[in-house]
Amino acid sequence: MLFGGLLQQRAWRFDLTSAFIGAAIALILARILYQRREQIKEFALKVWSPVVNLRSRAQASQEERYIAALKNDLKDLLLFQPADPQKIFQPPTFAAPPPLPAKADTIDDLFADPLEISYANLTAGHPRLVITGPRAAGRTMALAMMVWQTTESAAPRPASRGGKKRPYERFPLWIDLAQYKDLPEAQSQPPAERLVQLAALFMPAMIPRWTLAHLRNEPSLILVDNWESLSPDARPAVARWFAEVAQSLPKSCWLVASGEEGYGPLIEAGFVSLELIPPSGTAMLVALYRGWAELLGGAPAEPGEDTLALLKWAEDAGASLLELTTRVLVYLRTRQLPTRPVDVLDHFLDHCIPSPNLGEGQADVVEQARVLTLSALSYLAKMHRLEKRSFSQQEIYDQIGTLLPPEEVRPPKLEGAIRRMLFDTHLLKREGKFWVPAHYIWDDFLTAWALVEEEVGAEMVKAHLGDPTWTLLLEFYAALEDVTPLVRTLVQTATVHGDIASLLRAARWGAVAPEDAPWQKSLMKVLAQTFTDPDLDQPTRLRVGHALAVAAGEGARAFFIQTLRQPSVAIRSAALRGLGWSGSPREMPLFVGALQDPDLEVQQGAVTALGDMGTPGAVRLLRDTMLEADDHLLPSIAEALSKTPEGLEVLKEAADSDSLLIRRTVAQGLGRVDQPWAKEILEKLAREDSEWLVRSAAQIALNAMKDKAEDKTVVLPPPQIDQLEWLITWAASQGSGLGVGKAAGAMLERAITQGDPKAQILGILTLTYVGREAHLKLLEPLLDSSDPDVRYVAEYATRLFKRRYDIYQQ
């Protein structure tokens with residue numbers, strides 16, 4: 001009975017009051033949760049995100065992990081190791097060989113303009129390319145950023161593979177030929193497997209068999225850096241090896257980065273050479289600054305007027321992209337604007353070497369440690385640069401020991417401070433168990449400092465004057481030491497051999513060396529004499545004039561003013577360009593007079609110079625001239641006004657002019673401006689203007705804009721000798737067939753040696769695409785040809801072949 005009563009008491013009964021209370025509480029809680037739903041969601045995501053990331057990493061494909069690892073390794077190759085290289089990358093363009101004339105009667109100019117290839121279209125044409133350019137031009141970065149480009153262009157996989165998106169358009173493989181010396185000897189190894197073995201030296205975590213499978217089954221992008229690091233004897237064999245691998249991997253695309261010399265074996269292996277054209281201009285400088293400012297944070301987001309002016313001066317003086325990047329970093333980190341490149345790097349080194357806290361009364365020890373740290377860095381850089389040495393940590397400690405003062409006078413904290421400072425500079429990087437300088441710029445800069453201090457330094461730099469791999473090092477050396485004998489050698493080479501490049505190299509030294517260097521005045525005199533040489537072609541004269549304006553600065557102004565008295569129209573026109581580079585508002589009366597000159601070339605020189613100056617006074621003079629100029633000068637004015645913001649305002653205001661010639665000038669000028677507002681004005685002119693000439697000019701400009709936006713220009717394959725129309729025609733005129741293979745090559749050589757001038761010119765031009773070192777002997781007799789055009793083309797081809805095969809002018 002008791003047990004039954006307890007069960008009855010515990011039975012559930014509905015309580016209406018409690019239900020209402022519970023419902024009210026639930027509604028209140030639901031309202032609170034709804035009102036704070038965003039905060040709760042954010043908290044939940046924050047708590048859950050590590051789990052999601054861990055799960056994503058676990059589920060990431062092998063390909064995604066490979067790409068992430070490759071990008072991470074490539075960042076270490078870039079100067080200052082940017083966290084996100086895309087933010088600071090400024091894409092270059094490339095100059096590619098133009099198509100050969102099909103027929104002898106289609107030769108209008110001896111040399112057609114090269115094709116301009118955009119970075120985006122680099123891999124869309126011929127699949128074997130060698131990118132040439134001087135050191136510090138940005139070759140490695142252009143190559144590395146192809147990995148980022150191929151991942152952004154990734155397309156979904158075919159349905160047969162599940163339709164899953166592949167993390168790249170082409171499977172990228174990085175080859176560093178500086179490591180070729182560490183590659184074991186081939187033991188009857190398939191060529192493609194050996195290539196993967198070389199790639200694994202750069203990326204040890206790579207799985208060779210997995211990588212090889214991707215190369216064989218997917219489109220691939222094989223990126224090869226440091227061709228110039230190979231010995232001349234090794235280059236032919238490596239080029240043949242690459243050709244064999246490329247043949248076995250028909251879906252592969254090859255990009256090989258090389259210096260400006262020594263890439264001839266690659267041309268023989270079916271590669272096409274491209275010249276890297278670094279990005280330039282104010283827009284590029286601003287974008288470079290903005291990118292680094294964003295990466296570093298806490299810096300002015302936009303460059304100041306003084307900062308931009310100095311960057312522009314450095315660019316005009318021939319600064320490489322590497323130097324411009326260093327200048328931006330130095331300013332963002334130190335707020336200082338040194339002028340000379342060596343001072344820029346000196347400031348950066350000073351900023352990089354930390355000052356450890358050794359306690360009170362240790363300031364002298366800290367300064368002593370900084371000096372000895374720099375000495376240790378110089379030694380390590382010199383040995384790495386000159387002897388290719390790398391150092392273990394113990395070897396670095398031993399070197400520090402050789403720099404320390406005697407133990408009885410040595411501060412107890414000195415050695416430890418140097419050790420910490422040396423490895424905290426980020427100027428050294430680890431390669432396996434060894435340490436080397438983090439970038440070749442420190443190799444060259446610190447080695448130059450070391451050579452200045454050594455007795456054998458002068459002889460060593462003299463012995464390497466013609467070595468292209470020493471170009472940057474010698475530039476640093478010229479800014480630190482008296483290089484009078486070297487400048488004399490460069491000037492003599494330019495005078496005796498007509499090698500203007502040597503003279504321009506000396507002029508570059510003049511721009512970066514102290515103004516009171518003992519060789520500066522004699523160099524400026526030679527530049528001035530060359531500029532006024534009546535036999536000099538105009539493009540070369542302008543290059544010399546620009547070099548003179550940069551190197552001499554304000555001192556060039558008086559020379560250009562005096563040169564305006566020359567009777568030669570070409571020299572006077574070039575002198576006006578010189579004033580545009582070096583002059584000031586004081587020269588406005590001279591430009592007013594030049595614009596009244598009876599010779600159109602002089603007028604055009606004045607207009608272009610005013611565009612180069614870009615000052616408000618120059619723009620006003622261009623505007624006033626536009627209102628009165630004849631039809632022949634207006635296109636030059638349109639181009640000049642399009643170069644500056646003030647000039648663009650003039651064009652914008654002139655769009656409603658009553659003069660049809662001025663409105664047409666507006667259309668021609670705005671066609672050079674890639675801005676939406678310019679396109680709107682052009683569309684209105686093309687649609688509504690009452691004059692056909694204006695509508696036509698606007699439509700032409702719009703079409704040019706569209707063509708540029710939809711640019712599909714790609715690198716053409718090298719010509720096939722047995723398919724050359726002009727050679728087939730010439731062979732037929734000799735009563736012969738062309739044949740194929742070696743027979744076609746023999747007929748080409750016969751056309752060069754026995755043909756008429758047009759056949760000889762076309763034959764020589766063909767050799768510039770497919771020729772070999774042995775063809776130099778074929779060209780020798782043509783250097784004395786009675787036909788000036790044949791002689792000119794033969795001289796060009798000879799210089800090209802000597803560059804391709806590292807045959808220096810003595």
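In this predicted model, L428 stands opposite P437 of strand β9. The chain holds 38 helices and nine strands, and its C-alpha atoms fill a box of roughly 135 × 85 × 70 Å along the principal axes. Of its 810 residues, 47% count as buried. The points below cover the β8–β9 hairpin, the strands around β5, the cysteines, one residue of helix α36, and the pockets and cavities.

**The β8–β9 hairpin**

- Strand β8 spans residues 428-431 and strand β9 spans residues 434-437; the two pair in the antiparallel sense over four bridges.
- Two residues lie between β8 and β9 in this hairpin.
- In the turn, G432 has a positive phi of about 70 degrees.

**Strand β5 and its neighbours**

- Strand β5 covers residues 220-225, and six of its six residues are buried, so the strand is largely enclosed by the rest of the structure.
- Both sides of β5 take part in this burial: S220, I222 and V224 point one way, L221, L223 and D225 point the other way, and all are buried.
- Strand β4, residues 171-176, runs parallel to β5 and is joined to it by six bridges.
- Within the β4–β5 pairing, W174 has L223 as its bridge partner in β5.
- Strand β6, residues 252-258, also runs parallel to β5, and five bridges join these two strands.
- Within the β5–β6 pairing, I222 has W254 as its bridge partner in β6.
- The connection from β5 to β6 involves helix α8, residues 235-248, and the three elements make a right-handed β-α-β unit.

**Cysteines**

- The structure holds zero disulfides.
- C253 has a relative accessible area of 0% and is therefore buried.
- C352 also counts as buried, because its relative accessibility is 12%, under the 20% limit.

**L765 in helix α36**

- L765 is found in helix α36.
- With a relative accessible area of 8%, L765 is buried.
- L765 and Y796 are separated by 31 residues in sequence, and their C-alpha atoms are 9.5 Å apart in space.

**The second largest pocket**

- The second largest pocket contains about 370 Å³ of space.
- Its lining has 16 residues, of which I267, E268, I721, V770 and R772 are the closest to the pocket centre.
- Helices α9 (264-268), α35 (742-754) and α36 (757-770) each supply at least two residues of this lining.
- By class, the lining of the second largest pocket divides into nine nonpolar, four polar and three charged residues.

**Cavities**

- The structure holds four cavities of 30 Å³ or more.
- The volume of the largest cavity is about 60 Å³.
- The residues that line the largest cavity are T307, L310, L311, R327, V328, V330, Y331, Q336, L337, P338 and V344.
- Helices α11 (305-316) and α12 (321-334) are the elements that give two or more residues to the lining of the largest cavity.
- The largest share of that lining comes from α12, which contributes four residues.
- The lining of the largest cavity comprises eight nonpolar residues, two polar residues and one charged residue.
- The second largest cavity holds about 40 Å³ of space.
- Lining the second largest cavity are F89, Q90, P92, A137, G138, M141, A142, P279 and L321.
- Seven nonpolar and two polar residues make up the lining of the second largest cavity, with no charged residues.

Conventions: Residues are numbered from 1 along each chain as its sequence is written. This is a predicted model: local features need pLDDT of at least 70, side-chain atom pairs count only at pLDDT 80 or more; totals for chains, interfaces and linings use all residues. Side-chain values use heavy atoms; hydrogens and water are left out. A disulfide is a pair of cysteine sulfur atoms within 2.5 Å. Buried means under 20% relative accessible area, exposed over 50%, partly exposed in between (1.4 Å probe, protein chains only). Two strands pair if DSSP finds at least two bridges between them. A crossover is right-handed if, with the strands pointing away from the viewer, the path from the first strand over the helix to the second runs clockwise. On a 1 Å grid over the protein atoms alone, a cavity is a set of points where a 1.4 Å probe fits but cannot get out, and a pocket is an open set with protein on both sides within 12 Å along at least five of seven lines; lining residues have an atom within 4 Å of a point. Grid points are joined across faces, edges and corners, and a volume is the space filled by probe spheres set on the points. Ala, Val, Leu, Ile, Met, Phe, Trp, Tyr, Cys and Pro count as nonpolar, Asp, Glu, Lys and Arg as charged, and the others, Gly among them, as polar.
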